[in-house]
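Visitor: I am new to this structure and should be grateful for a close look at a single part of it. Please choose one element, describe its surroundings, and then follow the chain outward from there.

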Amino acid sequence: MVALLALLAFLVGSVPFGYLIVRLVFRQDIRKLGSGNIGMTNVWRSFGCVPGFATLVLDLGKGYLPVLGMRLLVKSEAVHPWGSIELTLSAIGLAAIFGHAFRLGWHSAVAKEWRQDWACLLRLLVLGCSYR
């Protein structure tokens with residue numbers, strides 16, 4: 001079950017929200033504008049604060065929600081393969097980060113995954129404080 005959720009977290013992490021927002025709303029390719037990146041900064045500079053902020057929130061959600069979802073789905077310590085919920089949640093968070101960094105079907109360098117890293121870390125810290 002954890003492997004399936006890690007794969008799902010990887011796939012969720014690989015969704016390019018900046019590209020999708022610009023493509024669906026403005027019918028343009030963000031890779032051909034500004035810096036050529038599909039991230040929040042280029043979306044913000046090219047199309048304004050609303051689509052840029054939406055990209056930021058969705059990118060943060062890619063790291064936060066898989067960890068939260070795993071925590072809500074699996075409450076018993078017995079089902080965690082490593083015997084610790086913290087390690088299991090960390091594996092889910094890393095899967096989402098790797099999905100963001102190494103997107104399927106994209107021929108580009110590693111994405112700038114710092115927002116997602118911080119979202120996963122924030123969720124893990126919140127869980128650590130509220131779990132005990």
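Guide: The buried residues of helix H2 are covered by neighbours that include helix H3, residues 40-47, and helix H4. This is a predicted model, and the description that follows should be read as an account of that prediction.

Let us remain with H2, which spans residues 17-26. Its buried residues are Gly 18, Tyr 19, Ile 21 and Val 22. Viewed down the axis of H2, these buried residues fall within an arc of 165°, so they line one face of the helix.

The partner to consider next is H4, which runs from residue 49 to residue 73. Two packed helices are described by the angle between their axes and the distance between the axes. For H2 and H4, the axes come within 9 Å and cross at roughly 140°. The two helices are therefore oblique to each other, since an angle has to be over 145 degrees to count as roughly antiparallel. The crossing of H2 and H4 is right-handed.

Which residues of H2 and H4 meet? From H2 come Phe 17, Gly 18, Ile 21 and Phe 26, and from H4 come Pro 51, Ala 54, Thr 55, Leu 58, Asp 59 and Lys 62. Sorted by class, this contact has six nonpolar, two polar and two charged residues. Gly 18 and Ile 21 thus appear twice in the account: they belong to the buried residues of H2, and they also take part in the meeting with H4.

Two participants in this contact merit individual attention. Thr 55 is found in helix H4, and its relative accessibility of 0% means that it counts as buried. Leaving aside residues up to four places away in sequence, Thr 55 touches Gly 18, Ile 21, Gly 39, Met 40 and Val 43. Met 40 and Val 43 are also among the buried residues of H3, while Gly 18 and Ile 21 are among those of H2.

The second participant is Phe 26, which lies in helix H2. With a relative accessible area of 31%, Phe 26 is partly exposed. Phe 26 touches Ile 21, Phe 47 and Pro 51, again not counting residues up to four places away in sequence. Phe 26 and Pro 51 are 25 residues apart along the chain, and their C-alpha atoms are separated by 10.0 Å.

Just after H2 comes Arg 27, with a positive phi of about 55°. Most residues other than glycine have a negative phi. Arg 27 takes its positive value although it is not a glycine. Arg 27 belongs to the loop between H2 and H3, and at 67% relative accessibility it counts as exposed. Ser 35 is found in the loop between H2 and H3 as well. With a relative accessible area of 45%, Ser 35 is partly exposed. The C-alpha atoms of Ser 35 and Ser 46, 11 residues apart along the chain, are separated by 9.3 Å.

The chain then enters H3, whose buried residues are Met 40, Asn 42, Val 43 and Phe 47. These residues cover an arc of only 165° around the axis, which puts them on the same side of H3. H3 is followed by Gly 48, whose phi is positive, near 105°.

H4 also packs against helix H1, which comprises residues 2-13. Here the axes are 9 Å apart, at an angle of about 160°. That angle makes H1 roughly antiparallel to H4. H1 passes H4 in a right-handed crossing. The contact involves Val 2, Leu 5, Ala 9, Val 12 and Gly 13 of H1, together with Lys 62, Pro 66, Met 70 and Leu 73 of H4. By class, it has seven nonpolar, one polar and one charged residues. Lys 62 of H4 is named in this contact with H1 and in the meeting with H2.

Finally, the wider setting of these helices may be stated. The secondary structure of the protein comes to six helices and zero strands. Of its 132 residues, 39% are buried. Among contacts with a separation of 6 or more, 58% are accounted for by residues 24 or more positions apart.

Methods
Residues numbered from 1 in each chain as written. Predicted model: local features only at pLDDT ≥ 70, side-chain atom pairs only at ≥ 80, totals over all residues. Heavy atoms only, no water. Axes fitted to C-alpha atoms, helices over the stretch in contact; angles between N-to-C directions. Helix = DSSP H or I, 4+ residues; strand = E, 2+ residues; numbered from the N terminus. Parallel < 35°, antiparallel > 145°, perpendicular 65-115°, else oblique. Left-handed = near helix turned anticlockwise from the far one by under 90°. Contact = heavy atoms within 4.5 Å. Nonpolar A, V, L, I, M, F, W, Y, C, P; charged D, E, K, R; others polar. Buried < 20%, exposed > 50% of the residue type's maximum accessible area, 1.4 Å probe, protein only. Arc of directions from axis to C-beta.
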